[in-house]
Amino acid sequence: MQFSEKAPAKINLTLDVLAKRPDGYHEVEMVMTTVDLADRIDLTLLSDRRIQLECSASFVPDDSRNHAYKAAQLLQEQYNVSQGVHLYIDKQIPVAAGLAGGSSDAAATLRGLNRLWNLGLSLDELAEVGAQIGSDVPFCVYGGTALARGRGVQLTPLPTPVPCWVVLAKPPIGVSTADVYGNLAVDRIQSHPRTEDMVRAIAGQDFGLMCSSLGNVLEEVTLSRYPQVRQIKELMLASGADGVLMSGSGPTVFALVQKEAKVHRIYNALRGFVKEVYVARMLGGAEVKVLA
């Protein structure tokens, strides 16, 4: 028996850090949404309890360091499952890019195994398991668009944003999320995103307000340490992007664009600067994509 699940990338339309928590995490407030750049997870039932993982990207770990593997391990342990699974990840989302690729793979694995192992769990129950893996996993279990608070797992669903193109560019560097948060001086943040305006823009289908409300406090750290990220932002804006922001802790930067002609201009300008450039559409709906 085999199932497949899509694992869409997420972008942060806003990312605010409010305080350092006693548990070591940061108190955040952010608006996240999904785009149609996605990995695919193929899940094949094994009769014994083995968990096997293969990936189209050879440098991705195939053991419990991999979020998808960890998701299968946790689900198997917590629900006493006597069967196993072979996971194959067709990797399309760039790795260590601020797009929650690993978290989305874990979420897709949880959804797929819920069907493969006939567990009958709700998305809420799967999200609880996912929270043990990483702060972005619960959001990725549901998909769509949401306001996230706390350490990122307190989710309030939001409407689907106005449709638009999303051009993403990742410079050839890796950025450690823990390192970026560790170098953020919360009490010295210069400018906080207008999260309420972003929520209002999404509810009102106001593309202009959505673009003007983009904000990510982690840019203060990443842009100062990685000038390539700043250069990508400036190039996108100079090429006519309607709104530009770094996603997560970076280094990927995305541009929001309404007119298709601008998409080609931005894409071509970026391709002369970095190799990894992607054109996607805003998904934003809460429906979970299931493949046959």
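This report describes the nonpolar cores, the pockets and one strand with its neighbours in a predicted model.

**Cores**

The largest nonpolar core has 71 residues, and those with the most contacts inside it are Val17, Val85 and Met236. Leaving aside residues up to four places away in sequence, Val17 touches His26, Glu27 and Val28, and further along the chain Tyr181, Leu184, Val186, Ile189, His192, Val217 and Leu218. Apart from the largest core lies another core, made of 29 residues, which include Ile11, Val31, Leu99 and Val162.

**Pockets**

Rolling a probe the size of a water molecule over the atoms shows where empty space is left. The two pockets described here are set side by side in the table.

| Pocket | Volume | Nonpolar lining residues | Polar lining residues | Charged lining residues |
|---|---|---|---|---|
| Largest pocket | about 1000 Å³ | 20 residues | 16 residues | six residues |
| Second largest pocket | about 170 Å³ | four residues | six residues | two residues |

The lining of the largest pocket is formed by 42 residues, and of these His67, Ala100, Ser103, Asp136 and Thr177 lie nearest its centre. The elements that give two or more residues to this lining are strand 1 (2–20), strand 2 (26–46), helix 1 (67–78), helix 2 (101–116) and helix 5 (177–182). Helix 2 provides the largest share of the lining of the largest pocket, namely four residues.

Which residues line the second largest pocket? They are Ser191, His192, Pro193 and Arg194, then Ser212, Ser213, Leu214, Gly215, Asn216 and Val217, together with Glu220 and Leu245. Two of these lining residues, His192 and Val217, are also among the residues that Val17 touches.

**Strand 10 and its partners**

Strand 10, which spans residues 253–257, is mostly covered, with five of its five residues buried. Both of its faces are covered, since the buried residues are Val253, Ala255 and Val257 on one side and Phe254 and Leu256 on the other.

Strand 10 pairs in the antiparallel sense with strand 7 (residues 165–170) over five bridges, and in this pairing Val167 stands opposite Ala255 of strand 10. Strand 10 also pairs in the antiparallel sense with strand 9 (residues 243–246), here over four bridges, and Met246 stands opposite Val253 in strand 10. Strand 9 and strand 10 form a hairpin with six residues between the strands, and in this hairpin Gly248 takes a positive phi near 60 degrees.

Definitions and conventions
Residues are numbered from 1 along each chain as its sequence is written. This is a predicted model: local features need pLDDT of at least 70, side-chain atom pairs count only at pLDDT 80 or more; totals for chains, interfaces and linings use all residues. Side-chain values use heavy atoms; hydrogens and water are left out. A nonpolar core is a set of buried Ala, Val, Leu, Ile, Met, Phe, Trp, Tyr and Cys residues joined through side-chain atoms within 4.5 Å. Buried means under 20% relative accessible area, exposed over 50%, partly exposed in between (1.4 Å probe, protein chains only). Contact means heavy atoms within 4.5 Å. On a 1 Å grid over the protein atoms alone, a cavity is a set of points where a 1.4 Å probe fits but cannot get out, and a pocket is an open set with protein on both sides within 12 Å along at least five of seven lines; lining residues have an atom within 4 Å of a point. Grid points are joined across faces, edges and corners, and a volume is the space filled by probe spheres set on the points. Ala, Val, Leu, Ile, Met, Phe, Trp, Tyr, Cys and Pro count as nonpolar, Asp, Glu, Lys and Arg as charged, and the others, Gly among them, as polar. Two strands pair if DSSP finds at least two bridges between them.
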